[in-house]
Amino acid sequence: MKKYVLPLSLLLNIVLVLYIVLWGKVGKPNSDPPQMEKAIATDTISITDEKGMTVDTVNIVMLGNSITYVGDWQEQLNRTDVFNGGKPGWTTQQLSWVIDDFIEAHRPKLCFLKGGINDYTLGIGTDRIYQNMTMVMDSISGLGTKPIFTTTLYQRGEKERNLEIDTLNTRMQAFCTEKGYDFMDLRPFLCKDGDILEEFVLEDNTHLKPNAYPEWAKAMRPFLKKYGLN
């Protein structure tokens, strides 16, 4: 019987050592892996907009073409929750392609939509632009974000085209009234007598000078106040 005592004692010691080692690796509820996961989760909440600006929480999306893209919206509005979704060269139909990435992904409270001038440059008619814009507005609203239509601005000196732009803006205003959407008119801030003021437009007669963007931001403030974002 004595010859079994040593092996049995040795076996019990081995089991005890294994238990201590294994418990040290997996038995600690506050071990390193959860801390690493927490660090990773913290790193992933940072969001970068189309202009490379960091946005921690997206409350406002500026959706449009190069005229929107050029704006330094965080600086103009003195806030860091603005996502610049300007896409240079894009038409109104193309703007619908980023609704999933810009709106559904971030669920902002407001989306200011502006576009149309690239469509006109490419020969796309007012009817088609209107259809595209109303589709984008409805898509944004369907995701729980308040869409705010921003008037398409004139091209300086283009009288016939500017009449078409007036027609588009008038139709969009009626559409917004019917659907209960907000309509933001930039013309009182940047335009006069059916044309954009020379002091606000570059030599290409389309893109805006830096001094135009504070006026644009001024037009936005009543809507920010309306939705508790002032």
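**Helix 9, the sheet beside it, and two unusual loop residues**

In this predicted model, helix 9 has a set of buried residues made up of Asn162, Ile165, Leu168, Asn169, Met172, Phe175 and Cys176. These residues cover an arc of only 135° around the axis, which places them on the same side of helix 9. On the other side of the helix, Lys159, Glu160, Leu163, Thr170, Thr177 and Glu178 are exposed.

The buried residues of helix 9 pack against several elements, namely helix 7 (117-121), helix 8 (126-142), strand 6 (146-150), strand 7 (182-184), helix 10 (187-190) and strand 9 (195-196). As for the length of helix 9, its 21 residues, 159-179, should span 30 Å at 1.5 Å a residue, and this agrees with the 30 Å that separates its end C-alpha atoms. After helix 9 comes Gly180, a residue whose phi is positive, near 80°.

Two of the strands that helix 9 packs against, strand 6 and strand 7, belong to an open sheet of five strands, which are arranged in the order 4-3-5-6-7 with parallel pairing. Strand 4 (82-86) and strand 7 stand at the edges of this sheet, and each has a single partner strand, so one side of each is left without a neighbour in the sheet. From one strand to the next, the twist averages 20°. Within the sheet, strand 3 (residues 60-64) and strand 5 (residues 110-113) pair in the parallel sense over four bridges, and Val61 stands opposite Cys111 in strand 5.

Helix 9 packs on the sheet by touching strand 6 and strand 7, and its direction makes about 150° with that of strand 7. Another helix, helix 11 (residues 212-226), lies across strand 3, strand 5, strand 6 and strand 7, and runs at about 160° to strand 7.

Which backbone angles deserve a second look in the loops? Most residues other than glycine have a negative phi. Asp193, however, has a positive phi of about 55° although it is not a glycine, and its place is in the loop between strand 8 (191-192) and strand 9. Asp193 counts as exposed because its relative accessibility is 75%, and the cut-off for that class is over 50%.

Asn205 is likewise a residue other than glycine with a positive phi, in this case near 65°, and it is found in the loop between strand 9 and helix 11. With a relative accessible area of 30%, Asn205 is partly exposed, a class that lies between the buried limit of under 20% and the exposed limit of over 50%.

Terms used. Residues are numbered from 1 along each chain as its sequence is written. This is a predicted model: local features need pLDDT of at least 70, side-chain atom pairs count only at pLDDT 80 or more; totals for chains, interfaces and linings use all residues. Side-chain values use heavy atoms; hydrogens and water are left out. The expected span of a helix is 1.5 Å times one less than its number of residues. Buried means under 20% relative accessible area, exposed over 50%, partly exposed in between (1.4 Å probe, protein chains only). The arc is that of the directions from the helix axis to the C-beta atoms. Contact means heavy atoms within 4.5 Å. Two strands pair if DSSP finds at least two bridges between them. Axes are lines fitted to C-alpha atoms, for helices over the stretch in contact, and angles run from 0 to 180 degrees between N-to-C directions.
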